Amino acid sequence: MAQQENSGAYKKRVLESTEVDILSSYYNQDGNNASVTGGIGSEALNDLASSIIVSIPLNEDDVLSVDVGISTYTSASSSNLNPFDGAHASGVLSGASRSAGGRGGDDDDEGRNIVNNGNATGSPWIASTGASRKDTWGSANVGYAHSSDDRNEIYSANASFATEYDYVSMGFGGGFTKLFNEKNTEVSLKGSVYLDTWLPQYPTELKSYVEVNGNLNAGFFTGVDILNQNGQVTNKNSLDTWRPIDGFSLIPNKKRNSYALSIAFSQILGKNTQMSIFADVVKQQGWLSNPMQRVYFADTPSFYIGTASDIPNYTSNQNSGVFMLADDLERLPDSRLKIPVGIRLNHFLNEIVSIRTYYRYYFDDWGLTAHTLNAELPIKVSDTFTLYPSYRYYTQNQIDYFAPFKTHVSTSQFYTSDFDLSTYDAQQIGFGVSYTDIFTKFKTLGFGLKSIDFKYNNYRRNTGLKANYVGIGFKFILE
């Protein structure tokens, strides 16, 4: 009776005190199917990312969260927007691969017209030294969540902003979660909108062609030889030389909007088992192709800039001095409907071992279907340490518009040689360690250390792409 009468005198806060998560990760990859160079070439990439997430209880019912992240990468693939290391930059503002915010030196086209010094060389297998080889991505997200007095309803809203050197994105969304059956059942509904604007960056030869109105004796093309398949210098005033596809143009629509609706159902099946089912519907509209990515056609002749003796080895990493001029940019439909559905099943085996499983099926109206299977096995080795090995398998078929290097035909309406949209299988093996200090013994600047998480993943595709990921996270609470 006393407990019942006093039940309304105290209400447990949704979040007891301010929490700060500090996350950092390093990722590297390598492969031979770079999309910027038409489906062949080095995919070497290194990325270092960090983020800080601060969750602040405004009162018993409301929580404000702020998530700020930054990621800096270097990429052999994107460096080859301008693969011609022998070019120098001068002239008025323009350019095919300017760096974000004007960063970097004067070793690339970086915001200027390209003028060649007469000895341009390049290769899809060698990273260019230009500024477009590196960039920084930044994002910020602000979220708000309100819980009802009985904690059976949660309302949330968020707004986000992200930028990179070739796009700006703004997003907002909201959600509602309802708990039933003494909180054993949960249903959630979320919606989000992302409004992106391209700041398009183009392959040097295509952008320069537009800048000089097709005059191959001006601008970047001044004093540079264009070679045919036999390594012979072509007459740039004739029809027997390189030109992009008839009617070539840069992208007319710089908008890319995404609309997403998510629904999830979660159920506690017993004291040891929990299951959840989820589905998303994502609609994208606008320019969905990547203007950085070249395409080469099987039914058009090939033309090059660089060293003629390297032409026979063009598709081999032995090619160090010649680059094939693009026939066009990647072109894809201006709308896409994506639907993933999945299920999670977590089971507590005993006080030491539990298992977390996940399966997702994905399909879209571009013809892509995919399956994802993931399993994680947390092992509690002590009161403070947990090990969690994991395995992930992924398989997909190619979209309707994919073909490898120089196998598309110029009469097609849509085409890409991006191997992310090809048929492939991938496996990822991971291992993690989690340390939890429930008493927050370690303290700094008024914050107590609550947990440390370390994660390593090794990822491989059957296309040859391989990658490694290392991540570490610290959680602090304000005392």
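Reader: What pLDDT does the protein chain average, and how many of the residues score at least 70?

Author: This is a predicted model, and pLDDT is the predictor's confidence in each residue, from 0 to 100. In the protein chain 90% of the residues score at least 70, and the average pLDDT is 89.

Reader: Over which residues is the pLDDT below 50, and how many contacts does each stretch have beyond near neighbours in sequence?

Author: Where pLDDT is low, the predicted coordinates should not be read in detail. Residues 1–9 have a pLDDT below 50, and beyond near neighbours in sequence this stretch has zero contacts in the model. Residues 87–117 also have a pLDDT below 50, but for this stretch the number of contacts beyond near neighbours is 91.

Reader: How many helices and strands are there in the protein chain, and what percentage of its residues is buried?

Author: The protein chain holds three helices and 25 strands. Among its contacts between residues at least 6 apart in sequence, 66% join residues at least 24 apart. Of the 479 residues in the chain, the buried share is 45%.

Reader: Which residues of the largest nonpolar core touch the most other members, and which element gives the most to this core?

Author: In soluble globular proteins, nonpolar side chains tend to be buried together. The largest nonpolar core here has 32 residues, and F221, W242 and Y314 are the ones that touch the most other members. Two or more residues come from each of α3, β13 (304–306) and β14 (322–324). The element that gives the most, with three residues, is β14.

Reader: Which residues does W242 touch, not counting residues up to four places away in sequence?

Author: W242 belongs to the largest nonpolar core, and its contacts include F221, which is also a member of that core. Not counting residues up to four places away in sequence, W242 touches E205, L206, Y209, L216, F221, I226, F303, L325 and A326.

Reader: Is V210 buried or partly exposed, and which residues does V210 touch beyond those up to four places away in sequence?

Author: V210 has its place in helix α3, residues 204–211, and because its relative accessibility is 32%, V210 counts as partly exposed. The C-alpha atoms of V210 and F248 are separated by 8.8 Å, although the two residues are 38 apart along the chain. Beyond residues up to four places away in sequence, V210 touches F248 and L250.

Reader: Which elements hold D196 and R256, which form a pair that links distant parts of the chain?

Author: Side chains of opposite charge can pair when their charged atoms come close. D196 and R256 meet in a salt bridge at 3.2 Å, N to O, and both residues are buried. The two residues are 60 apart in sequence, with D196 in strand β9 and R256 in strand β10.

Reader: Why does the salt bridge between D420 and R461 tie together separate parts of the sequence?

Author: The closest N and O atoms of D420 and R461 are 3.0 Å apart. D420 is partly exposed, with a relative accessible area of 40%, whereas R461 is buried, with a relative accessible area of 14%. D420 lies in the loop between β21 (390–396) and β22 (424–436) and R461 in strand β24, so the pair ties together parts that are 41 residues apart in sequence.

Reader: Is N457 buried or exposed, and what is its relative accessible area?

Author: N457 is found in strand β24, which covers residues 447–461. Not counting residues up to four places away in sequence, N457 touches S390, Q428, I429, G430, F431, A467, N468 and Y469. N457 is buried because the cut-off for that class is under 20%, and its relative accessible area is 11%.

Reader: Which strand gives the largest share of the nonpolar patch?

Author: The nonpolar surface patch covers about 950 Å², and its residues include F180, L261, I343 and Y359. Elements that give two or more residues to the patch are β9 (185–198), β10 (255–270), β11 (273–286) and β16 (335–348). I343 lies in strand β16 and, at 34% relative accessibility, counts as partly exposed. The largest share, three residues, comes from β10.

Terms used: Residues are numbered from 1 along each chain as its sequence is written. This is a predicted model: local features need pLDDT of at least 70, side-chain atom pairs count only at pLDDT 80 or more; totals for chains, interfaces and linings use all residues. Side-chain values use heavy atoms; hydrogens and water are left out. Helices (H or I, at least four residues) and strands (E, at least two) are DSSP runs, numbered from the N terminus. Buried means under 20% relative accessible area, exposed over 50%, partly exposed in between (1.4 Å probe, protein chains only). Contact means heavy atoms within 4.5 Å. Patches are made of residues with over 30% relative accessible area and no salt bridge: like charges are joined within 9 Å, nonpolar side chains (Val, Leu, Ile, Met, Phe, Trp, Tyr) within 5 Å. Accessible areas come from the Shrake-Rupley method with a 1.4 Å probe; for residues, only the protein chains shown count as cover. A salt bridge is a side-chain nitrogen of Lys or Arg within 4 Å of a carboxyl oxygen of Asp or Glu. A nonpolar core is a set of buried Ala, Val, Leu, Ile, Met, Phe, Trp, Tyr and Cys residues joined through side-chain atoms within 4.5 Å.
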